[in-house]
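Okay, thanks for coming, everyone. I'd like to spend a few minutes on a sheet and then on some charged pairs. Let me put the structure up.

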Amino acid sequence: AAGRGRVEFRDVSFGYPGAEEPVLKDISFTAEPGRTTAIIGSTGAGKTTLLNLIPRLYDAGGGQVLIDGVPVDRLTREALSEAVAAVPQKPYLFSGTIASNLRYGAQGATDEELWEALEIAQATDFVRDKDGGLDAPISQGGTNVSGGQRQRLCIARALAARPSVYLFDDSFSALDVATDARLRAALKRSIADATVILVAQRVATITEADEILVLDDGRIVGRGTHEQLLETNETYREIVES
Ligand code: M5T
Ligand code: MG
């Protein structure tokens with residue numbers, strides 16, 4: 001992975017082409033390596049949009065997004081895809097095999113490395129149970145595996161790429177509470193040095209974050225730990241208590 005993976009937003013604004021209202025306004029924060037930064041906010045607040053600016057699915061309209069001090073639009077596509085792995089809100093699998101899906105972004109990974117990624121993603125059991133194991137077929141869109149299995153395969157794909165920055169967009173939502181907890185504990189051990197930015201709805205996922213950003217209508221309206229925000233931030237209380 002390139003650099004150490006410090007992600008910084010400086011006064012970032014963004015609006016979708018053709019839309020009048022910006023979706024993100026004056027966004028500034030730093031996500032440090034070795035730390036988990038959680039983003040919460042109601043539906044439509046701009047969480048996915050914010051994450052998508054990091055791998056340049058879109059470019060910021062104003063301000064800058066930087067990785068290790070370098071604006072993302074000055075990094076090559078290769079450097080950027082080496083540095084950042086994103087698990088999208090609607091994780092996508094391609095037609096092929098489990099292995100070919102996991103190697104997307106990690107062409108050189110050995111089978112052993114793929115099994116390691118699956119182990120962390122809590123996906124070993126169901127892959128082992130599939131006819132063919134790593135070579136089991138996946139249909140276009142991953143329609144032959146469940147939503148939760150799809151999520152875990154996409155998490156394993158991100159792990160196999162060994163980036164310095166992980167983006168998880170609501171990536172644990174289809175998992176039951178116990179699997180979610182095991183997965184996050186395994187992640188904590190195995191990617192302890194990486195920068196993790198995650199969007200989550202489940203309170204347990206958020207409370208462990210080192211810093212939480214509360215997004216409301218495209219602005220950061222609060223930041224801090226779970227305890228700090230519970231005391232100081234009305235929007236946060238409404239979200240976690242709903
Ligand atoms: C934020 C609008 C969306 C909403 C706002 C992806 C996308 C979003 N939007 C567009 O106009 N075009 C697009 O392609 O932008 O949307 P978001 O970033 O998807 O919000 P979220 O991730 O916080 O919401 P959710 O439902 O995932 O919790 O006005 O219409
Ligand atoms: Mg979203």
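So, let's begin with strand E11, residues 211–216: five bridges join this strand to E12, and the two run antiparallel. If you want a spot to click on, Ile-212 stands opposite Gly-224 in E12. And keep in mind, please, that this is a predicted model.

Now zoom out a bit. That pair belongs to an open sheet of six strands, ordered E6-E9-E10-E3-E11-E12, with mixed pairing. Who sits at the edges? Strand E6, 84–87, and strand E12, 219–224, each of which pairs on one side only. From one strand to the next, the twist averages 15 degrees.

There's a helix on this sheet too. Helix H10, residues 234–241, packs on it and touches strand E3 (36–40), E11 and E12. Its direction makes about 95 degrees with that of E11.

Okay, on to the charges. Side chains of opposite charge can pair when their charged atoms come close. How many salt bridges do we count here? The count comes to 14. I'll walk you through some of them.

Asp-217 and Lys-25 are a good place to start, with their side chains meeting at 3.9 Å, N to O. This pair links distant parts of the chain: Asp-217 is in the loop between E11 and E12, Lys-25 is in strand E2 (residues 24–31), and they are 192 residues apart. Is each partner buried or exposed? Asp-217 is exposed, at 53% relative accessible area, whereas Lys-25 is buried, at 12%.

Next, Arg-184 and Glu-208, which form a salt bridge at 3.3 Å, N to O. Again the pair links distant parts of the chain, with Arg-184 in helix H7 (residues 177–190), Glu-208 in the loop between helix H8 (203–207) and E11, and the two positions 24 residues apart. Arg-184 counts as buried because its relative accessibility is 11%, while Glu-208 is partly exposed at 46%. These two don't stand alone, either: salt bridges with shared partners join Asp-180, Arg-184, Lys-188, Arg-202 and Glu-208 into one network.

One more pair before I stop: Glu-8 and Arg-6, whose side chains meet at 3.7 Å, N to O. Glu-8 is buried, with 14% relative accessible area, and Arg-6 is partly exposed, with 27%.

That's my tour, so grab the mouse if you'd like another look.

Definitions and conventions: Residues are numbered from 1 along each chain as its sequence is written. Chains are lettered from A and ligands numbered from 1 in the order in which they are written. This is a predicted model: local features need pLDDT of at least 70, side-chain atom pairs count only at pLDDT 80 or more; totals for chains, interfaces and linings use all residues. Side-chain values use heavy atoms; hydrogens and water are left out. Two strands pair if DSSP finds at least two bridges between them. Helices (H or I, at least four residues) and strands (E, at least two) are DSSP runs, numbered from the N terminus. Axes are lines fitted to C-alpha atoms, for helices over the stretch in contact, and angles run from 0 to 180 degrees between N-to-C directions. Contact means heavy atoms within 4.5 Å. A salt bridge is a side-chain nitrogen of Lys or Arg within 4 Å of a carboxyl oxygen of Asp or Glu. Buried means under 20% relative accessible area, exposed over 50%, partly exposed in between (1.4 Å probe, protein chains only).
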